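Q: Got a minute to go through this one with me? I'll throw quick questions at you.

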Protein chains: 2
Amino acid sequence: MATMKDVALQAGVSTTTVSHIINDSRHVSEELRQRVSDAIATLNYQPHGPARSLRTKQTRTIGMIIPDNSNPFFAEVARSVEDAAFENNYSVILCNSDGSVKKELNYVRLLIEKGVDGLAFISAGKDPQSIEMLVRQSIPWVVADREIPGADVDVAVDEVLVENLAGGFKATEYLISLGHKRIGCIAGPFQLTPSAQRLMGYKQALQGAGFTVDPDLIIQGDFHSRSGYENCRALAALSDPPTAIFACNDLMAIGALKAAHDLGLSIPQQLSIVGFDDIAWSSFSIPRLTTIAQPKQEMGRLLTALLVERIKDDQLTHRRMTLPVKLIMRDSCAALSSINAP
Amino acid sequence: MATMKDVALQAGVSTTTVSHIINDSRHVSEELRQRVSDAIATLNYQPHGPARSLRTKQTRTIGMIIPDNSNPFFAEVARSVEDAAFENNYSVILCNSDGSVKKELNYVRLLIEKGVDGLAFISAGKDPQSIEMLVRQSIPWVVADREIPGADVDVAVDEVLVENLAGGFKATEYLISLGHKRIGCIAGPFQLTPSAQRLMGYKQALQGAGFTVDPDLIIQGDFHSRSGYENCRALAALSDPPTAIFACNDLMAIGALKAAHDLGLSIPQQLSIVGFDDIAWSSFSIPRLTTIAQPKQEMGRLLTALLVERIKDDQLTHRRMTLPVKLIMRDSCAALSSINAP
DNA sequence: CTGAAAGCGCTAACAC
DNA sequence: GTGTTAGCGCTTTCAG
């Protein structure tokens with residue numbers, strides 16, 4: 001491959017001039033500029049990234065660590081991160097951690113070696129060892145959708161969160177407003193913050209309405225459709241089953257929709273369901289799913305913007321943005337009627 | 001950050017020795033090995049990728065160009081590419097082209113500059129200009145899910161394809177075997193090869209059964225749910241509507257399911273639908289979708305394996321693998337009954 | 001078994 | 001306006 005030296009030779013100038021022309025970093029006469037452009041074209045020259053990175057100490061690449069890019073929610077966030085990165089002239093290295101701390105740590109190490117300019121954790125970054133590593137190397141990093149185990153990090157981390165608690169609250173409050181009194185909850189893994197907060201919102205709404213929280217009505221799922229399916233069946237099998245269910249993500253809500261259908265329960269007449277996320281699927285389920293929408297695209301864009309800013313200036317103070325969620329009323333909920341009243 | 005020189009100094013050895021220890025590239029006495037390990041640990045040394053790449057001419061990074069990672073089909077393929085790459089010690093740079101030739105070309109240029117060791121095109125790589133660029137720089141590349149506009153490329157390209165034609169054939173044949181005589185087809189964009197082949201399979205099955213192909217029954221969609229929805233309505237509005245529909249991907253099939261539901265058509269009693277892809281969603285739709293399964297995971301793994309092999313040895317002869325598809329019978333099809341017979 | 005030194009392709013003082 | 005030159009951090013001959 002042609003190098004800059006070849007171009008310089010061909011154009012009869014120094015590599016300095018070539019470099020400055022390519023990077024537009026100092027004024028060069030029109031004549032030389034033209035000669036160099038021609039040389040570049042005829043030699044088919046393309047700059048060599050790694051060599052440039054070695055000098056400039058930047059790769060214009062960021063790492064994105066995510067549990068699973070094939071989960072529709074993460075897929076949409078990942079997509080918007082990539083879009084925003086591209087617009088800012090950054091490439092993104094995709095890393096699926098499956099939520100494993102070990103895999104995450106491996107990726108962090110790898111990414112640091114690759115010389116990434118920054119790291120975006122999406123629903124990840126909960127491993128103190130990984131974080132310590134980043135901090136030690138002073139690599140900029142940002143987090144979305146999961147709070148960092150707080151106090152032990154005395155470092156500026158930018159976070160993009162959503163109103164998980166408010167979302168759980170709104171979902172439940174809505175069901176209450178429809179007259180439901182026994183409202184089940186298919187929760188996510190309790191140890192994950194978004195999950196715990198949504199559940200908390202559910203409980204607070206219940207208590208706010210003067211209901212007691214019945215632990216039998218709360219089941220832990222794993223955010224996958226199958227667990228929504230099974231947990232919905234479990235809830236329906238209760239001696240005093242709920243007339244409405246808040247599923248803590250859409251994947252589980254859709255599993256619940258399916259379970260209800262298989263049980264011959266018609267939705268929303270006999271059972272109301274509300275989800276969380278508003279993935280594309282939710283507009284095409286039968287019935288269409290009422291859900292709490294997260295601003296997935298905005299999350300990705302904002303996350304990337306924060307990272308890009310921090311790469312430029314690591315003195316910035318810590319920023320934590322909490323994005324609003326919104327109840328999207330579709331067809332999976334109905335007022336409690338005499339049909340299914342206790 | 002600590003460099004190799006620092007480590008060498010600290011351990012009282014040459015950088016040569018440090019390098020050889022790190023890369024395990026020649027024998028070193030146990031004593032020095034230990035001293036160097038200690039130095040690495042105390043200095044928290046991590047090798048600098050770009051510097052290494054500058055010397056070795058490899059980055060252990062591949063580029064993956066894909067239309068849209070948030071499309072469930074591509075998401076699953078992308079996931080398995082990333083998994084396989086990770087296992088082979090490669091990182092993957094994610095590039096969403098939206099099927100745009102221009103974006104694709106930009107990415108190719110960018111990736112070459114980054115010095116990627118290879119490129120994986122998934123449903124992309126149809127732009128001759130991009131290809132020419134790759135070929136000129138002799139960067140290894142492989143393609144999945146889309147045939148390269150053939151003859152003009154006189155270069156070894158590895159391709160992973162699926163039996164699209166056979167898939168379209170099987171889907172249609174199955175519907176015929178259920179007694180359907182008027183079978184509609186919601187096709188993908190005609191200009192894409194997988195799409196065209198599935199449609200061809202549909203036509204061949206029809207003709208094989210002695211039916212004539214009715215052009216009114218074939219509508220072009222865009223592979224998104226909404227177009228499945230609208231085209232199903234269009235088909236249903238025909239004066240002599242079909243009793244079964246083959247949708248060329250699951251996203252459109254699910255849109256069709258929804259349209260049928262909205263029209264009050266019960267599936268499968270009044271309308272049978274078969275999809276293509278077998279995305280996760282299809283097992284949870286109502287009813288569950290009968291579809292032609294593509295081996296998505298195998299596609300990704302195989303694609304990556306081929307790329308890794310070609311990176312190792314660019315003399316390999318061109319390989320084209322065509323993976324089998326499989327009819328998955330679920331609940332969206334039924335025998336033509338007297339109820340909906342013409 | 002170990003080390004000296006050249007150089008990968010580029011950028012950026014520093015000169016003129 | 002332009003060029004000379006010294007590295008960036010690493011690998012790898014070549015020499016011993």
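Q: How do α6(B) and α7(B) pack, at what angle and how far apart are their axes?
A: In this predicted model, where local features need pLDDT of at least 70, side-chain atom pairs count only at pLDDT 80 or more and totals for chains, interfaces and linings use all residues, α6 (residues 101-114) and α7 (residues 128-137) of chain B pack at about 15°, axes 9 Å apart. That makes α6(B) roughly parallel to α7(B) (angles under 35 degrees). Residues are numbered from 1 along each chain as its sequence is written, and chains are lettered from A in the order in which they are written.

Q: Which residues of α6(B) and α7(B) meet?
A: From α6(B), E104(B), L105(B), V108(B), R109(B) and I112(B); from α7(B), Q129(B), S130(B), M133(B), L134(B) and Q137(B). Contact needs C-beta atoms, placed from the backbone, within 7 Å. By class, there are five nonpolar, three polar and two charged residues.

Q: Switching topic: is D331(A) buried or exposed?
A: D331(A) is partly exposed, because 13 other C-beta atoms lie within 10 Å; 20 or more would be buried, 12 or fewer exposed.

Q: And where does D331(A) lie?
A: In the segment after β12 (326-328) of chain A. Leaving aside neighbours within four places in sequence, D331(A) is in contact with P268(A), P287(A) and R288(A). D331(A) and T290(A) are 41 residues apart in sequence but 6.1 Å apart in space, C-alpha to C-alpha.

Q: What turn lays chain A on chain B?
A: A turn of 180° with a shift of 0.0 Å along the axis, giving an RMSD of 0.1 Å. The two copies are thus related as by a two-fold rotation axis.

Terms used
Axes are lines fitted to C-alpha atoms, for helices over the stretch in contact, and angles run from 0 to 180 degrees between N-to-C directions. Helices (H or I, at least four residues) and strands (E, at least two) are DSSP runs, numbered from the N terminus. Angles under 35 degrees count as roughly parallel, over 145 as roughly antiparallel, 65 to 115 as roughly perpendicular and the rest as oblique. Two residues are in contact if their C-beta atoms, placed from the backbone, lie within 7 Å. Ala, Val, Leu, Ile, Met, Phe, Trp, Tyr, Cys and Pro count as nonpolar, Asp, Glu, Lys and Arg as charged, and the others, Gly among them, as polar. Copies are superposed by least squares on the C-alpha atoms of residues with pLDDT of at least 70 in both.
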